[in-house]
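Ready for some practice in reading a protein model? Take a look at the structure below, then work through the exercises one step at a time.

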Amino acid sequence: MASVAGWAAASTPGTFPPLPRAVAQSLYRRMRAVAPAARGAIDRDRTTDSERAFADTACGRLVGSLDDAGLRALGMWTHHWCMRFYDDDTRAGRRLVREIAARQGLGWTADEVRWMLRESLSAGPAAADRFTLPRAAATQLPEADRPLAELPPVARPLAELPPVARPEARVPHQRRPEPLR
């Protein structure tokens, strides 16, 4: 399972201390266990009406079938997947992330939260929802373990930002070759 940043970002110094290899392997092992069901549910929800109640969706049924540890692994995998493939096609995945972020008492660990934060920082500003789950999970940690001070401030949605004036760009065109006579 590759990530936006890959193993290098998960194990290099920076804002968040690198995860020990055994911890990172454990996170990936748990995420791989839920990945096939998660991918199938997201794919089914992409092709159906997105206005349905969450409990009536394939993702909603999957969430209802998992315990807290399974939900944490599903949340981490979905967060990871959305960071890698962030585009209009991830609406179902982003909805799943928001639903898991809204749940209390999932028992997030500091390692899980720091891993998600590292993934989010590596994804860059194009992924507007990249801090949804890590921010919600961090608030559930004991006070001493919360990395909230390390989180960037909540960004304004792109729709609220003033438009950027773009200079006119000339695109060079290649001349067509002369026909042979």
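**Exercise 1.** Find the helix that holds His79, and decide whether His79 is buried or exposed.

*Solution.* Start with the location: His79 sits in helix α4 of this predicted model. Next, take its relative accessibility, which is 1%. Buried means under 20%, so His79 counts as buried. Finally, look at what surrounds it: beyond its neighbours within four places in sequence, His79 touches Val97, Met116, Glu119, Ser120, Arg130, Leu133 and Pro134.

**Exercise 2.** Check the length of helix α4 (residues 68-84) against the expected span.

*Solution.* Helix α4 has 17 residues, and at 1.5 Å a residue it should span 24 Å. Now compare the end C-alpha atoms: they lie 24 Å apart, which agrees. As for its surroundings, 14 of the 17 residues of α4 are buried, so the helix is mostly covered.

**Exercise 3.** Describe how helix α2 (residues 21-46) packs with helix α6 (residues 110-123).

*Solution.* Their axes are 11 Å apart and meet at an angle of about 85°. Angles of 65 to 115 degrees count as roughly perpendicular, so α2 is roughly perpendicular to α6. At the contact, Val23, Leu27, Tyr28, Arg30 and Met31 from α2 meet Asp111, Glu112, Trp115 and Glu119 from α6. Sorted by type, these residues are five nonpolar, no polar and four charged.

**Exercise 4.** Which residues have the most contacts inside the largest nonpolar core?

*Solution.* The core has 41 residues, and Leu74, Trp77, Leu96, Trp108 and Trp115 have the most contacts inside it. Its largest share, nine residues, comes from α2.

Technical notes. Residues numbered from 1 in each chain as written. Predicted model: local features only at pLDDT ≥ 70, side-chain atom pairs only at ≥ 80, totals over all residues. Heavy atoms only, no water. Helix = DSSP H or I, 4+ residues; strand = E, 2+ residues; numbered from the N terminus. Expected span 1.5 Å × (residues − 1). Buried < 20%, exposed > 50% of the residue type's maximum accessible area, 1.4 Å probe, protein only. Axes fitted to C-alpha atoms, helices over the stretch in contact; angles between N-to-C directions. Parallel < 35°, antiparallel > 145°, perpendicular 65-115°, else oblique. Contact = heavy atoms within 4.5 Å. Nonpolar A, V, L, I, M, F, W, Y, C, P; charged D, E, K, R; others polar. Core = buried A, V, L, I, M, F, W, Y, C linked by side-chain atoms within 4.5 Å.
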